[in-house]
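Open the structure in your viewer and keep the sequence panel in sight. This tour tells you what to select at each stop and what is there.

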Amino acid sequence: TTYSKVAPTQSAAIHLDAGVVEFTPQARVDGASAVGLDVGKDRICVAPIVDSSEKPATVEYWAAGINCCGDEEHSRAFSCDDVDDPQAHAGLVWLATGL
C-alpha cells in the first residue's frame, strides 16, 4: 500500500501495511540525530524523519541504510541514498529480520 502526504508527526501505527510512504514537502531527515548499530561487518544506520518546522516529542518514522553513517568514510552523521536530494520525500518500508 502507498500512503501519500504523510506528515512525520502522524502516528506510524496507522500505516502498518505501508509498502511506500510519501511524506509532505516539509519532511526532512535529521541526519545530525543519526545512530548506528554494528552488526557483523556492517553498520545499520537510522535517522529520524521530522517536520522541518517543529521538533517532535516522539519519532514515528526513520530513514535507514547500511554503512552510511558515523564512520571514517562518511563525514556527516547520515549520508544514506538520496538524503541530500531536496526532491526526495518518499521511502520504501524496510522490515528487518534477524538483527
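The stops below go from the whole chain to a pocket, then to single residues.

**Stop 1: the whole chain**

Keep in mind that this is a predicted model. Colour the chain by secondary structure. It has 7 strands and 0 helices, so the pattern read along the sequence is simply β-β-β-β-β-β-β. Now switch on the surface. The chain exposes about 6500 Å², and carbon and sulfur atoms supply 52% of that area. Of the 99 residues in the chain, 26% are buried. Among the contacts with a separation of 6 or more, 43% join residues that are 24 or more positions apart.

**Stop 2: the largest pocket**

Select I49, W62, A63, A64 and L92. Of the residues that line the largest pocket, these lie nearest its centre. The space in this pocket is about 1100 Å³, and its lining consists of 35 residues.

Which strands should you colour to see the lining? Select β2 (20–23), β3 (27–29), β5 (42–51), β6 (61–66) and β7 (90–92), each of which supplies at least two lining residues. The largest share comes from β6, with 4 residues. Next, colour the lining by residue class: 26 of its residues are nonpolar, 3 are polar and 6 are charged.

**Stop 3: an aromatic pair**

Select F23 and Y61 and show their side chains. The chain has 1 aromatic pair. The ring centres of F23 and Y61 are 5.3 Å apart and the ring planes stand at 80 degrees, so this pair is edge-to-face. Because F23 belongs to strand β2 and Y61 to strand β6, the pair ties together parts that are 38 residues apart in sequence. Are F23 and Y61 buried or exposed? Both F23 and Y61 are buried.

**Stop 4: H15**

Stay with Y61 on screen and add H15, which sits in the loop between β1 (2–6) and β2. Leaving out residues up to four places away in sequence, H15 touches Y3, V6, Q10 and Y61. H15 has a relative accessible area of 9%, which is under 20%, so H15 counts as buried.

**Stop 5: V20**

Move along to V20, in strand β2. What does V20 touch, not counting residues up to four places away in sequence? Its partners are T1, T2, Y3, G91, L92 and V93. One of these, T1, is 19 residues from V20 along the chain, and the C-alpha atoms of the two are separated by 6.5 Å. V20 counts as partly exposed because its relative accessibility is 23%, a value between the 20% limit for buried and the 50% limit for exposed.

**Stop 6: two residues with positive phi**

Finish in the loop between β6 and β7, where you should select N67 and D81. Display the backbone angles if your viewer allows it. N67 is not a glycine, yet its phi is positive, about 60 degrees. D81 is also a residue other than glycine with a positive phi, in this case near 45 degrees.

Turn the surface on again for both residues. N67 has 33% relative accessibility and so counts as partly exposed. The relative accessible area of D81 is 72%, which is over 50%, so D81 is exposed.

Note on methods: Residues numbered from 1 in each chain as written. Predicted model: local features only at pLDDT ≥ 70, side-chain atom pairs only at ≥ 80, totals over all residues. Heavy atoms only, no water. Buried < 20%, exposed > 50% of the residue type's maximum accessible area, 1.4 Å probe, protein only. Contact = heavy atoms within 4.5 Å. Areas by Shrake-Rupley, 256 points an atom, 1.4 Å probe, with all protein chains shown as cover. 1 Å grid on protein atoms, 1.4 Å probe; cavity = no way out; pocket = protein on both sides within 12 Å on 5 of 7 lines; lining within 4 Å. Points joined across faces, edges and corners; volume = space filled by probe spheres on them. Nonpolar A, V, L, I, M, F, W, Y, C, P; charged D, E, K, R; others polar. Phe/Tyr/Trp six-rings, centres within 6.5 Å; stacked < 30°, edge-to-face > 60°.
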